[in-house]
Amino acid sequence: MSDIKDYRIDYGNQQLNRKDLPENPIQLFNNWLEEAMDNVVKDPNAFTLSTSDKNNFPNSRVLLLREVTDDGFIFFSNYNSQKAQEMESNIKVALNFFWPTLERQIRIQGVVGKTSDIISDNYFRSRPHKSQIGAWASEQSSILDSRVSLEQRYVHFSKKYPENVLRPPHWGGYLVKPKKIEFWQGRPRRLHDRFSFHLSKGKWTAHRLAP
């Protein structure tokens, strides 16, 4: 196996200049996401969500973004999960999108809260039947005595909901309202383009950052 310290790639396919920046960074986010969906083969909407526990230890996991609105970024999860408990006690979270093939990264800091029941219901109805059953079967983040018990719960709820599946009351959406959004574009010699947008009094301000 080659030595990891010798593994490196020089970036330089694209660039990001101040003239490319819109007033609202969500517009640029949408442009980059659309380009990722056209070029990234698998899960272009994947992102890392970082939260912190009661001891201030950070926790990160990969989720899938399901909607972008003028207010922010929407994803869905189990309301009893570890991340849900952490978001309940600390609404400040971070999101990170990374598209290696495009040499791009977006870092987001914001505050999180639950979406309306209508948004959660509408999205749940759009999910495949098996995924709907999975939302009932998995008591997310709880300790399992075996894989068999999880499969048994899946069978149980499959029989209970052979067709129309109700959304579990412990499952639904979250909206992250951004306070800071940073766009990172890989450039040669590690002299990357970085622009950070900060929201203050309803207005976004952008600054170029040193790489």
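How many salt bridges does the structure hold? In this predicted model, the structure holds 10 salt bridges. Several of them are described below, after the nonpolar cores and before the largest pocket.

The largest nonpolar core has 34 residues. Phe29, Leu95, Phe97, Trp99, Ile106 and Phe183 are those with the most contacts inside it. Helix α1, which spans residues 25-39, gives the most to this core, with six residues. A second core, separate from it, has 12 residues, including Phe76, Trp136, Tyr161 and Trp171. As a general point, nonpolar side chains in soluble globular proteins tend to be buried together.

Phe183 serves as a way into the larger set of contacts. Leaving aside its neighbours within four places in sequence, Phe183 is in contact with Leu16, Pro25, Leu28, Phe29, Trp32, Gln105 and Ile106, among others. Its list of contacts also includes Asp193, Arg194, Phe195 and Phe197. Two of these residues, Asp193 and Arg194, come up again among the salt bridges.

Asp193 forms a salt bridge with Arg208, and the closest N and O atoms are 2.9 Å apart. This pair links distant parts of the chain, with Asp193 in strand β8 (residues 193-200), Arg208 in strand β9 (residues 203-209), and their positions 15 residues apart in sequence. Asp193 counts as buried because its relative accessibility is 5%, under the cut-off of 20%. Arg208, at 42% relative accessibility, counts as partly exposed. Arg194, for its part, is linked with Arg107 and Glu182 in a network of salt bridges.

Another salt bridge joins the side chains of Arg167 and Asp121, at 2.5 Å from N to O. Arg167 lies in the loop between α5 and β7 and Asp121 lies in helix α3, so the pair ties together parts that are 46 residues apart in sequence. Arg167 counts as buried, at 18% relative accessibility, whereas Asp121 is partly exposed, with a relative accessible area of 26%. These two values fall on either side of the 20% cut-off, which is why the two residues are put in separate classes.

The loop between α5 and β7 also holds Leu166. Leu166 is exposed, with a relative accessible area of 57%. Not counting residues up to four places away in sequence, Leu166 touches Phe124, Trp136 and Tyr161. Of these, Trp136 and Tyr161 were named above as members of the second core. The C-alpha atoms of Leu166 and Arg125 are separated by 8.4 Å, although the two residues are 41 places apart along the chain.

A salt bridge within one helix offers a contrast to these pairings. Glu151 forms a salt bridge with Arg147, with the closest N and O atoms 3.0 Å apart. Both residues lie in helix α5, four residues apart, which is about one turn of the helix. An α-helix has 3.6 residues a turn, so residues three or four places apart point the same way. Glu151 counts as partly exposed, at 37% relative accessibility, and Arg147 is exposed, with a relative accessible area of 58%.

Helix α4 covers residues 129-137, and in it Gln132, Ile133, Ala135, Trp136 and Ala137 are buried. The buried residues of α4 pack against α3 (117-126), α5 (147-160) and β7 (171-185).

Helix α4 also takes part in the lining of the largest pocket, which has a volume of about 380 Å³. The elements that give two or more residues to this lining are β2 (58-64), β4 (73-78) and α4. The lining is made of 18 residues, and Phe76, Ser77, Arg127, Gln140 and Trp171 lie nearest the centre of the pocket. By class, the lining has eight nonpolar, six polar and four charged residues. Phe76 and Trp171 also belong to the second core.

Two backbone details remain. Most residues other than glycine have a negative phi. Ser141 has a positive phi of about 75° although it is not a glycine, and its place is in the loop between α4 and α5. Arg189, also not a glycine, has a positive phi of about 60°. Arg189 is in the loop between β7 and β8, and is exposed, with a relative accessible area of 64%.

Terms used. Residues numbered from 1 in each chain as written. Predicted model: local features only at pLDDT ≥ 70, side-chain atom pairs only at ≥ 80, totals over all residues. Heavy atoms only, no water. Buried < 20%, exposed > 50% of the residue type's maximum accessible area, 1.4 Å probe, protein only. Contact = heavy atoms within 4.5 Å. 1 Å grid on protein atoms, 1.4 Å probe; cavity = no way out; pocket = protein on both sides within 12 Å on 5 of 7 lines; lining within 4 Å. Points joined across faces, edges and corners; volume = space filled by probe spheres on them. Nonpolar A, V, L, I, M, F, W, Y, C, P; charged D, E, K, R; others polar. Salt bridge = Lys/Arg side-chain N within 4 Å of Asp/Glu carboxyl O. Core = buried A, V, L, I, M, F, W, Y, C linked by side-chain atoms within 4.5 Å.
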